[in-house]
Amino acid sequence: MSQSFTPICSVEQILPNTGVAALVDGRHVAVFRVGTDRFHAIDNIDPRSGASVLSRGLVGNLGERIVVASPLYKNHFDLSTGECLEVPEQSVRAHAVQVQDGRVLVALS
């Protein structure tokens, strides 16, 4: 079964080291641009609060891991895997991202 990619926005619409929120097949997704050319997508819903806010979190790193800190409870989510570093049982799903012709596309996992 092949993945179905949904166009989200142009590359230029996501500033480096920030995220945007998107609705993909009814699911709240946070899409992040790390540096100039790396993109990640995870669920946008903070599991602790239920609010759709992870796209507004601060992007950084903890050791070798690229993470976003939830703006509400400051839990860190690995952008490659969706793992919550402080409370692994509150992890979110990570999704596939690709860039084609200057557009960012996401496929749900």
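These legends go with several close-up views of a predicted model.

**Ground rules for the views.** Numbering starts from 1 along each chain as its sequence is written, and side-chain values use heavy atoms, with hydrogens and water left out. Since we're dealing with a predicted model, local features need pLDDT of at least 70 and side-chain atom pairs count only at pLDDT 80 or more, while totals for chains, interfaces and linings use all residues.

**View 1. The whole protein chain is built from strands, with 0 helices and 9 strands.** From the N terminus on, the order of elements reads β-β-β-β-β-β-β-β-β. Helices (H or I, at least four residues) and strands (E, at least two) are DSSP runs here, numbered from the N terminus. The C-alpha atoms fill a box of roughly 35 × 30 × 20 Å along the principal axes. The radius of gyration is 13 Å, in agreement with the value near 13 Å for a compact globule of 109 residues; that figure is taken over C-alpha atoms, and the globule rule is 2.2 Å times the number of residues to the power 0.38. Of the contacts with a separation of 6 or more, 40% link residues 24 or more positions apart, where contact means heavy atoms within 4.5 Å.

**View 2. The surface of the protein chain comes to about 5800 Å².** Carbon and sulfur atoms supply 50% of that exposed area. Areas come from the Shrake-Rupley method with a 1.4 Å probe, and for residues only the protein chains shown count as cover. Buried residues make up 39% of the 109; buried means under 20% relative accessible area, exposed over 50%, and partly exposed in between (1.4 Å probe, protein chains only). As for charges, the mean positions of the 9 positive and 11 negative ones are 5 Å apart. Lys and Arg count as positive and Asp and Glu as negative, leaving out His and the chain ends, and each charge is placed at NZ of Lys, CZ of Arg, CG of Asp or CD of Glu.

**View 3. Strand 2 and strand 3 form a hairpin with aspartate 25 in the loop between them.** Strand 2 (residues 18-24) pairs with strand 3 (residues 27-34) in the antiparallel sense over 7 bridges; two strands pair if DSSP finds at least two bridges between them. Valine 24 sits opposite arginine 27, and 2 residues lie between the strands. Aspartate 25 has a phi near 50°, a positive value in a residue other than glycine. Aspartate 25 is also exposed, at a relative accessible area of 65%.

**View 4. Asparagine 44 is buried in the loop between strand 4 and strand 5.** That loop runs between strand 4 (38-43) and strand 5 (58-62). The relative accessible area of asparagine 44 is just 1%, so this residue counts as buried. Who does asparagine 44 touch, not counting residues up to four places away in sequence? The partners are Ala21, His28, Val29, Ala30, Ala51, Ser52, Val53, Leu54 and Ser55.

**View 5. Strand 6 pairs with strand 5 and also with strand 7.** On one side, 5 bridges join strand 5 to strand 6 in the antiparallel sense, with valine 59 facing valine 68. Their hairpin has 2 residues between the strands, and glycine 63 in the turn has a positive phi of about 65°. Strand 6 and strand 7 are antiparallel too, over 3 bridges, and here valine 68 partners phenylalanine 77. This second hairpin has 6 residues between its strands, with lysine 74 at a positive phi near 70°.

**View 6. Serine 70 lies in the loop between strand 6 (65-69) and strand 7 (76-78).** Is serine 70 buried or exposed? At 0% relative accessibility, serine 70 counts as buried. Beyond its neighbours within four places in sequence, serine 70 contacts Asp46, Val53, Leu54, Asn75 and Phe77. The C-alpha atoms of serine 70 and aspartate 46 are 7.0 Å apart, with 24 residues separating the two along the chain.

**View 7. Strand 8 pairs with strand 4 and with strand 9.** Strand 4 and strand 8 (residues 94-100) run antiparallel, joined by 2 bridges, and alanine 41 has histidine 95 as its bridge partner. Strand 8 and strand 9 (residues 103-107) pair in the antiparallel sense over 5 bridges, with glutamine 98 opposite leucine 105. In the turn of their hairpin, aspartate 101 has a positive phi of about 50°. Aspartate 101 is exposed, at 84% relative accessibility.
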